[in-house]
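Colleague: I would like to go through the ligand sites of this model with you. Can you show it first?

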Amino acid sequence: MVVLSVPAEVTVILLDIEGTTTPIAFVKDTLFPYIKENVKEYLQTHWEEEECQQDVSLLRKQAEEDAHLDGAVPIPAASGNGVDDLQQMIQAVVDNVYWQMSHDRKTTALKQLQGHMWRAAFTAGCLKAEFFADVVPAVRKWREAGMKVYIYSSGSVEAQKLLFGHSTEGDILELVDGHFDTKIGHKVESESYRKIADSIGCSTNNILFLTDVTLEASAAEEADVHVAVVVRPGNAGLTDDEKTYYNLITSFSELYLPSA
Ligand SMILES: CSCCC(=O)C(=O)COP(=O)(O)O
Ligand SMILES: [Mg+2]
């Protein structure tokens, strides 16, 4: 087995979710189809609620920023002209969500609505999040060795907590010391990793970030964060240069902590 030694200065392990702790297939074949199948009905049922209106406002603002993009779907402001107007607006939101999802956009607006929609499904027991078999035993071991474990995913913090709180391994939320999402910044921007270190109260070089996406690894590394790229079944392939340049692991059990 390949073993990757964790540098002694590392006290925090920062984990991506999709493609790192959790199969991409679970996100693409279970979580995302749930949104597509239910978004229209969800909007019709919850439209009058404050939370839903906030989600729509955020999506409208995002649609304005996206107006220059090919195929972008605008969301008109409410004119208050009755049922037809409402149905047109709901359809515009649905079309916008479909368009964003077709490009796998990681906007805060889309991720916030998705998190709110998954809440009902997870709490009713209709959805259970999948984790790779090595994840929970390794995280327990790291914590026993004194490491802090944080999550940084494009999925909203609320969605992250749903996944960890309702998993096939049971409620494993207690294994996580804290959560970050795109509200702190995008995962491909190095400033996000500096802000995460500030928020945790450590230096960036005290953090080891595990992700499947090399653009994220590169941004983290630019901020002086240690990185390893996680290679899992179903993940996007890496170029030969990426395979040579990055530390690669195929299982969390390949990380060796001198203190453990
Ligand atoms: C944690 S919520 C479900 C996954 C999701 O919506 C997503 O965008 C995951 O992105 P990641 O940054 O974890 O690769
Ligand atoms: Mg990922």
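Colleague: Which residues come nearest to ligand 1?

Modeller: Keep in mind that this is a predicted model. The surroundings of ligand 1 comprise 14 residues. Those that come nearest are Asp16, Lys111, Ser153, Ser154 and Lys187.

Colleague: What is the distance from the polar side-chain atom of Lys187 to an oxygen atom of ligand 1?

Modeller: Polar contacts are counted within 3.5 Å. Asp16 has a side-chain N or O atom 2.9 Å from an oxygen of ligand 1. For Ser153, a polar side-chain atom is 2.7 Å from a ligand 1 oxygen. For Lys187, the value is 2.5 Å.

Colleague: How much of the area that ligand 1 exposes when taken alone does the protein bury?

Modeller: Alone, ligand 1 exposes 400 Å². Its space is the largest pocket. The share buried by the protein is 98%.

Colleague: Which helix gives the most to the shell around ligand 1?

Modeller: Two helices, H1 (24-46) and H4 (108-123), each supply at least two shell residues. By class, the shell holds five nonpolar, four polar and five charged residues. The top contributor, with three residues, is H4.

Colleague: Which residues supply the protein donors of the magnesium ion, ligand 2?

Modeller: The donors lie 2.2 to 2.7 Å from the magnesium ion. Along the chain they follow the spacing D-x1-E-x193-D. Asp16 is listed twice, each time through OD, and Glu18 gives its O. With Asp212 (OD) added, the residues are Asp16, Glu18 and Asp212.

Colleague: How many residues apart in sequence are the parts that Asp16 and Asp212 tie together?

Modeller: Asp16 sits in the loop between strand E2 (12-15) and H1. Asp212 sits in the loop between strand E5 (207-211) and helix H8 (214-222). The pair therefore ties together parts whose separation in sequence is 196 residues.

Key. Residues are numbered from 1 along each chain as its sequence is written. Chains are lettered from A and ligands numbered from 1 in the order in which they are written. This is a predicted model: local features need pLDDT of at least 70, side-chain atom pairs count only at pLDDT 80 or more; totals for chains, interfaces and linings use all residues. Side-chain values use heavy atoms; hydrogens and water are left out. A residue is near a molecule or strand if one of its heavy atoms lies within 4 Å of it. A polar contact is a pair of N or O atoms within 3.5 Å; within protein, one must be able to donate a hydrogen and the other to accept it, and residues adjacent in sequence count only if both atoms are side-chain atoms. Accessible areas come from the Shrake-Rupley method with a 1.4 Å probe; for residues, only the protein chains shown count as cover. On a 1 Å grid over the protein atoms alone, a cavity is a set of points where a 1.4 Å probe fits but cannot get out, and a pocket is an open set with protein on both sides within 12 Å along at least five of seven lines; lining residues have an atom within 4 Å of a point. A molecule sits in a cavity or pocket if more than half of its atoms lie within 2 Å of its grid points. Helices (H or I, at least four residues) and strands (E, at least two) are DSSP runs, numbered from the N terminus. Ala, Val, Leu, Ile, Met, Phe, Trp, Tyr, Cys and Pro count as nonpolar, Asp, Glu, Lys and Arg as charged, and the others, Gly among them, as polar. Donors are N, O and S atoms within 2.8 Å of the metal (3.2 Å for Na, K and Ca); water is not among the atoms, so sites may look incomplete.
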